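Reader: I should like a close look at a single part of this model, followed outward into its surroundings. Please give one connected account, with the computed values where they are available.

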Amino acid sequence: MLHLLTFLVGKLSLLSHFKLFDSKWSADERTERTERATQRGPPPSLRRGDLLEVPRTLFTHFGIYLGDNKVAHLIPDILPVLTSDRKLINTVITNNRLILGCIYRHATVRVDTVDDFAYGSNVMVNHMDKLIKTQALSNEDVAKRAEKLIGATRYSLLWNNCEHFATYCRYGSAASQQTDKFCERLKSIIRDQRSIGATILLGITSIVCFGMAPSTTLPTILIPFTLWMAG
């Protein structure tokens, strides 16, 4: 049941067009981020082991700078599932490849240039240091941790995303403020008793459209009951 709920939550968040995965920044910090994104200046001075972050379509993407203009980052990608052509796989991961990789739950920790990692956005450096109380590890230890993790991995929006990878490398423990924020929003939905009525209505509609069957009847009963108990 937990696996099913995790799967559904992950897929629903992908289909959402809202910015569910912004970090817990204040209004001033969001303004600062917007201003930086609109500036077209030279790239910031980077040191090996720095934590980099850039805005992507639905979330903020994180990586670890390795030096020599290279960044290690965990990113979903469907292409390794479809082909073994390394030249093709090593091309820049587009948003379509990324989203399909999320759905299939396949990712890699790969090394790209800073420009490819940024994907047209401006890079923020070590901004997470201001938000996390844990002291960062030495930059060399951070980079070595990232290098050890290079390769294929299972992907999860909630349990193993790019922010988990970056925070594990830099602070010694995996955490995701984007996931925390999404879960807080999910809790607020669960606490709203109107969601129970909405799920009952959807369940009845599915029974009317598709007939009485375990695949329609059980969710109609179990989902509202779970929401009622959780609320």
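Author: Just after helix H5, arginine 105 takes a positive phi of about 65°. This value, like the others below, comes from a predicted model. Helix H5 itself spans residues 95-104, and its buried residues are Arg97, Leu98, Gly101 and Cys102. These four cover an arc of only 140° around the axis, so they lie on the same side of H5. The spacing along such a helix is relevant here: an α-helix has 3.6 residues a turn, so residues three or four places apart point the same way.

Both the end of H5 and the residue that follows it meet tyrosine 155. Tyrosine 155 touches Cys102 and Arg105, and its contacts beyond four places in sequence also include His106, Ala107, Leu74 and Pro76. Further partners of tyrosine 155 are Asn160, Asn161 and Cys162. Cysteine 102 and tyrosine 155 are 53 residues apart in sequence, yet their C-alpha atoms are 6.8 Å apart in space. Tyrosine 155 is found in the loop between S6 and H8. Its relative accessibility is 4%, so tyrosine 155 counts as buried, the cut-off being under 20%.

Beyond arginine 105 the chain enters strand S4, residues 106-113. Of the 8 residues of S4, 6 are buried, so this strand is largely enclosed by the rest of the structure. S4 belongs to an open sheet of 6 strands, ordered S5-S1-S2-S3-S4-S6 with antiparallel pairing. The edges of this sheet are S5 and strand S6 (151-154), each of which pairs on one side only. In general, strands of a sheet pair through backbone hydrogen bonds, either parallel or antiparallel. On one side, S4 runs antiparallel to S3, to which it is joined by 7 bridges. On the other, S4 and S6 pair in the antiparallel sense over 4 bridges, and histidine 106 stands opposite arginine 154 in S6. Elsewhere in the sheet, strand S1 (residues 51-55) pairs with S2 in the antiparallel sense over 5 bridges, with valine 54 opposite histidine 61.

Towards the other end of S4, one polar residue merits attention. Aspartate 112 lies in this strand and is the bridge partner of valine 71. With a relative accessible area of 8%, aspartate 112 is buried. Its side chain makes a polar contact of 2.7 Å with that of histidine 73 and another of 2.8 Å with that of arginine 110. Leaving aside residues up to four places away in sequence, aspartate 112 touches Asn69, Lys70, Val71, His73, Asn90 and Phe117.

Among those neighbours, asparagine 69 recalls the backbone feature with which this account began. Its phi is near 65°, a positive value in a residue other than glycine. Asparagine 69 sits in the loop between S2 and S3, and its relative accessibility of 39% makes it partly exposed. A further residue of this kind is asparagine 126, which has a positive phi of about 55° although it is not a glycine. Asparagine 126 is placed in the loop between strand S5 (124-125) and H7, and at 16% relative accessibility it counts as buried.

The nonpolar interior completes the picture. The largest nonpolar core has 26 residues, and those with the most contacts inside it are Leu51, Ile64, Ala146 and Phe165. Two or more residues each come from S2, S3, H5, S4, H7 and H8, with H8 giving the most, namely 5 residues. Both H5 and S4, the elements on either side of arginine 105, are thus among the contributors to this core. Phenylalanine 165 is in contact with Ile64, Ala72, His73, Leu74, Val109, Ala146 and Leu149, its neighbours within four places in sequence left aside. Apart from this core lies another, of 8 residues, among them Leu52, Val54, Tyr65 and Val123. As a general rule, nonpolar side chains in soluble globular proteins tend to be buried together.

For the chain as a whole, buried residues make up 41% of the 231 residues. Of the contacts between residues at least 6 apart in sequence, 69% join residues at least 24 apart. The chain exposes about 13100 Å², of which carbon and sulfur atoms supply 62%.

Notes
Residues are numbered from 1 along each chain as its sequence is written. This is a predicted model: local features need pLDDT of at least 70, side-chain atom pairs count only at pLDDT 80 or more; totals for chains, interfaces and linings use all residues. Side-chain values use heavy atoms; hydrogens and water are left out. A nonpolar core is a set of buried Ala, Val, Leu, Ile, Met, Phe, Trp, Tyr and Cys residues joined through side-chain atoms within 4.5 Å. Buried means under 20% relative accessible area, exposed over 50%, partly exposed in between (1.4 Å probe, protein chains only). Contact means heavy atoms within 4.5 Å. Accessible areas come from the Shrake-Rupley method with a 1.4 Å probe; for residues, only the protein chains shown count as cover. A polar contact is a pair of N or O atoms within 3.5 Å; within protein, one must be able to donate a hydrogen and the other to accept it, and residues adjacent in sequence count only if both atoms are side-chain atoms. The arc is that of the directions from the helix axis to the C-beta atoms. Two strands pair if DSSP finds at least two bridges between them.
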